[in-house]
Amino acid sequence: MQNKFISALKSMFRDTGDFFRKQQWKEILRFLFFLLLSSGFWFLQTLQQDYERNIELPVRYKNIPPEWILSEDNPVKITLLVKDKGTTLMYYLWKANFSPVEISLSHLAQSSGQSLQVTAQMLEVMLSKQLIASTSILSIEPDKIVIKYDSLSNRLVPVVVNIAVQTRPGFQLSDSIRISHPEVHIYGSSRTLDTLDHISTKHAAIENVSSTKELTVALDLPAGVKSDYETVKLTVPVEEFTEKRIHLPVLCPDIPSGYALRIFPASVEVVCDIPLSLFKELTENELEIQVPFHEFLECQSTGKLPVQLSKKPSRVVNTVITPDEVEFIIEQLSHD
């Protein structure tokens, strides 16, 4: 069986070789060779002719005075129409990325108003540095650049934190997040600054947190606005929390003369979460339930009033009051 397969394979190779040795195929291959050779000569000759091509170069502004801010509509690219032999233009095509045209503002002539001007002649000198000497510049778009700028105004604004904190079970934020620079000076055009009353940090997220964390985040500055700080440091205080129960009286500080107020029950239980390190420090004096007398009057028809804490430290969270409403009676005292 194996011998038959080998014999068939040899026969197939022999027949294929005989086919390509035929005179007809020799002529076709000879024709294709000379066609390819002539196409190569034609292509090389074609590349020696002159052609035109557009080239785009990015623009970068430098040496900007610190008291200036550039307008957003200043050109960010320049388009050249150039002429040269095909070989040179093919090189530009392969090069693809040109270095930015760097325009220094240090020695530019002042134009009308708050603007500087880069003339066509200056542009041509800058652009020629990136081109081969044989390349001719036919046109430049834009043919000159007027650089517009504004003098910077400044104002002091608060920093708003934009962070998502996810703690491990049993842990919580023990206080407000601290910011290394709660206020920053921002600089920009007066028109832009008038629309800003704060600066936010860029969004950040931390997960599975079980201890105090410090992280550095960037400020989310709008386009055309600078700040004396680009980043701020955040301190995220996280501690293990535990439950504490405290009984508090329900107080009414402003009972008018001639009235008596009876509250049932006279005290309620407050259950709250507190950092474990502060468990012993939290006392009844730091929590309070005070209800103005006018609120009792407003609920006199039902004789029931919901109660809530009127004072509590920021480190106390997740408070539950039991019962969450009290019954009361207002008595008007008689005068003998």
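Let's start with one spot in the middle of things: Arg-262 stands opposite Ile-329 in strand β25. Keep in mind as you look around that this is a predicted model.

**The sheet around that spot**

Which strands pair here, and in which sense? Strand β20 and strand β25, which covers residues 325-332, pair in the antiparallel sense over six bridges. They belong to an open sheet of three strands, and its order is β20-β25-β23, with antiparallel pairing. What happens at the edges? β20 and β23 (304-306) stand there, each with a single partner strand, so one side of each is left without a neighbour in the sheet. Going from one strand to the next, the twist averages 35 degrees. As a bit of background, strands of a sheet pair through backbone hydrogen bonds, either parallel or antiparallel.

**Strand β19 and its partners**

Now move to strand β19, which spans residues 238-251. Here are three of its pairings, side by side.

| Partner of β19 | Sense | Bridges | One bridge pair |
|---|---|---|---|
| β11 (residues 171-173) | antiparallel | three | Leu-173 with Val-238 |
| β21 | antiparallel | nine | Glu-243 with Asp-273 |
| β22 (residues 289-290) | parallel | two | Leu-251 with Gln-290 |

So how does β19 run relative to β22, parallel or antiparallel? The two strands run parallel, joined by two bridges. With β21, on the other hand, β19 pairs in the antiparallel sense, over nine bridges.

**Glu-269 and a charge over a ring**

Strand β21 covers residues 267-275, and Glu-269 lies in it. What does the side chain of Glu-269 touch? It makes a polar contact with the side chain of Arg-245, at 3.1 Å. If you leave aside neighbours within four places in sequence, Glu-269 is in contact with Arg-245, Ile-246, His-247, Val-320, Ile-321 and Thr-322.

There is another charged residue to find: Lys-244 lies over the face of Phe-279, 4.6 Å from the ring centre.

**Rings that pair up**

How many aromatic pairs does the structure hold? There are three, and we'll visit two of them. A pair of aromatic rings is described by the distance of the centres and the angle of the planes.

Take Trp-68 and Tyr-149: this pair is stacked, with 3.8 Å from centre to centre and 15 degrees between the planes. The pair links distant parts of the chain, since Trp-68 sits in strand β2 (residues 68-70) and Tyr-149 in strand β8 (residues 145-151), 81 residues apart. Are these two residues buried or exposed? Trp-68 has a relative accessible area of 15%, so it counts as buried. Tyr-149 is buried as well, at 7% relative accessibility.

The rings of Tyr-259 and Phe-293 have centres 5.7 Å apart and planes at 55 degrees, so this pair is tilted. Here too the pair links distant parts of the chain: Tyr-259 belongs to strand β20 (residues 259-264) and Phe-293 to helix α6 (residues 293-298), 34 residues apart. That brings us back to β20, the edge strand we met at the start. Tyr-259 is partly exposed because its relative accessibility is 32%, whereas Phe-293 is buried at 5%.

**Some unusual backbone spots**

Where can you find a cis peptide bond? One runs from Glu-141 to Pro-142, with omega near 0 degrees. Pro-142 lies in the loop between β7 (136-141) and β8, and β8 is also the strand that holds Tyr-149. Another cis bond runs from Thr-322 to Pro-323, with omega near -10 degrees. Look for Pro-323 in the loop between β24 (317-322) and β25. You have already come across Thr-322, one of the residues in contact with Glu-269.

Finally, check out two asparagines. Asn-208 is not a glycine, yet it has a positive phi of about 55 degrees. It is found in strand β15 (residues 204-209), and its relative accessibility of 55% makes it exposed. Asn-318 also has a positive phi, near 55 degrees. This residue lies in strand β24. With a relative accessible area of 49%, Asn-318 is partly exposed, because exposed would need over 50%.

Note on methods: Residues numbered from 1 in each chain as written. Predicted model: local features only at pLDDT ≥ 70, side-chain atom pairs only at ≥ 80, totals over all residues. Heavy atoms only, no water. Phe/Tyr/Trp six-rings, centres within 6.5 Å; stacked < 30°, edge-to-face > 60°. Helix = DSSP H or I, 4+ residues; strand = E, 2+ residues; numbered from the N terminus. Buried < 20%, exposed > 50% of the residue type's maximum accessible area, 1.4 Å probe, protein only. Lys NZ or Arg CZ within 6 Å of the ring centre and 35° of its normal. Pairing = 2+ DSSP bridges. Axes fitted to C-alpha atoms, helices over the stretch in contact; angles between N-to-C directions. Polar contact = N/O pair within 3.5 Å; in protein donor to acceptor, adjacent residues only side chain to side chain. Contact = heavy atoms within 4.5 Å.
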